[in-house]
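User: Hi! Could you walk me through this one? I'd like to start with a turn.

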Amino acid sequence: MVRFEAMRPWAPGIAAALVAVVSACGEVAEAPTVDDDFMAVDYIIMEGMENVMTKEGVRSGLVISDSSYIYEDSSTAQLFGVRMTLYSDPGGVTRSQLTADRGWLNERTDELTAIGNVVLEIPADGRRIETPELHYDPVRDEISSDSSTIQILNGSRTRATCGFRSDLQFRNFNLCGPVGDIPSRGPGG
């Protein structure tokens, strides 16, 4: 038997809480819902994407990203942690390698726009290109940048104020607005 006169001053509050809990046990909670706008996601998030590029059935390049957003209503993918390797046509020898923070890839045409800390290395002549943005267009047989560019070749550094343009074989490589040799900061630039 409970003697009410011996109860502590906080006891009625605890008793009321217990009554509320016990009475709520009989009720069915409504399931949580999600707003329709939230469910209208139009992309898929992928971790570790690879896209093989081909020309007339022969592998011409490979684009790898750490992660990507693949948009369902288009052929465009937004890439993060981008690496692209282009191969020479007959033998599969590496023609160039590119790295960038992020980019956009058209999976239908293989056009790539690389953005952020873009570095393009061309092993045949030891050339290194550094630029904030680069455009790769296999349909036009062109790789280019409209942004300020640094070219490192044979130990000298040349800044191009308005970028560069080249064919994909790097035979016709043109710097736009070159500003001479920039002193190197030691081995590797």
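Analyst: Happy to. This is a predicted model. Strands β6 and β7 make a hairpin with four residues between them, and D141 in that turn has a positive phi of about 55°.

User: How many bridges join β6 to β7 there?

Analyst: Three bridges, with the strands running antiparallel; β7 covers residues 142-145. One facing pair is Y136 with I143 in β7.

User: Which other strands pair with β6?

Analyst: Strand β5 (residues 112-122) pairs with β6 (residues 127-137) over nine bridges, in the antiparallel sense. T113 sits opposite H135 in that pairing. Strand β8 (residues 149-153) is also antiparallel to β6, over three bridges, and there E130 has I150 as its bridge partner.

User: And what's in the hairpin of β5 and β6?

Analyst: Four residues lie between those strands, and G126 takes a positive phi near 75°.

User: Switching topic: is S166 buried or exposed?

Analyst: S166 counts as buried because its relative accessibility is 3%, under the 20% cut-off. The residue belongs to strand β10, residues 164-166.

User: What is S166 in contact with?

Analyst: Beyond its neighbours within four places in sequence, S166 touches D141, E142, I143, N172 and F173. So D141 from the β6-β7 turn is among those contacts of S166. The side chains of S166 and D167 also share a polar contact of 3.5 Å.

User: Nice. What about the chain overall?

Analyst: It has two helices and 12 strands, and both helices come before the strands along the sequence. Of its 189 residues, 33% count as buried.

Definitions and conventions: Residues are numbered from 1 along each chain as its sequence is written. This is a predicted model: local features need pLDDT of at least 70, side-chain atom pairs count only at pLDDT 80 or more; totals for chains, interfaces and linings use all residues. Side-chain values use heavy atoms; hydrogens and water are left out. Buried means under 20% relative accessible area, exposed over 50%, partly exposed in between (1.4 Å probe, protein chains only). A polar contact is a pair of N or O atoms within 3.5 Å; within protein, one must be able to donate a hydrogen and the other to accept it, and residues adjacent in sequence count only if both atoms are side-chain atoms. Contact means heavy atoms within 4.5 Å. Two strands pair if DSSP finds at least two bridges between them.
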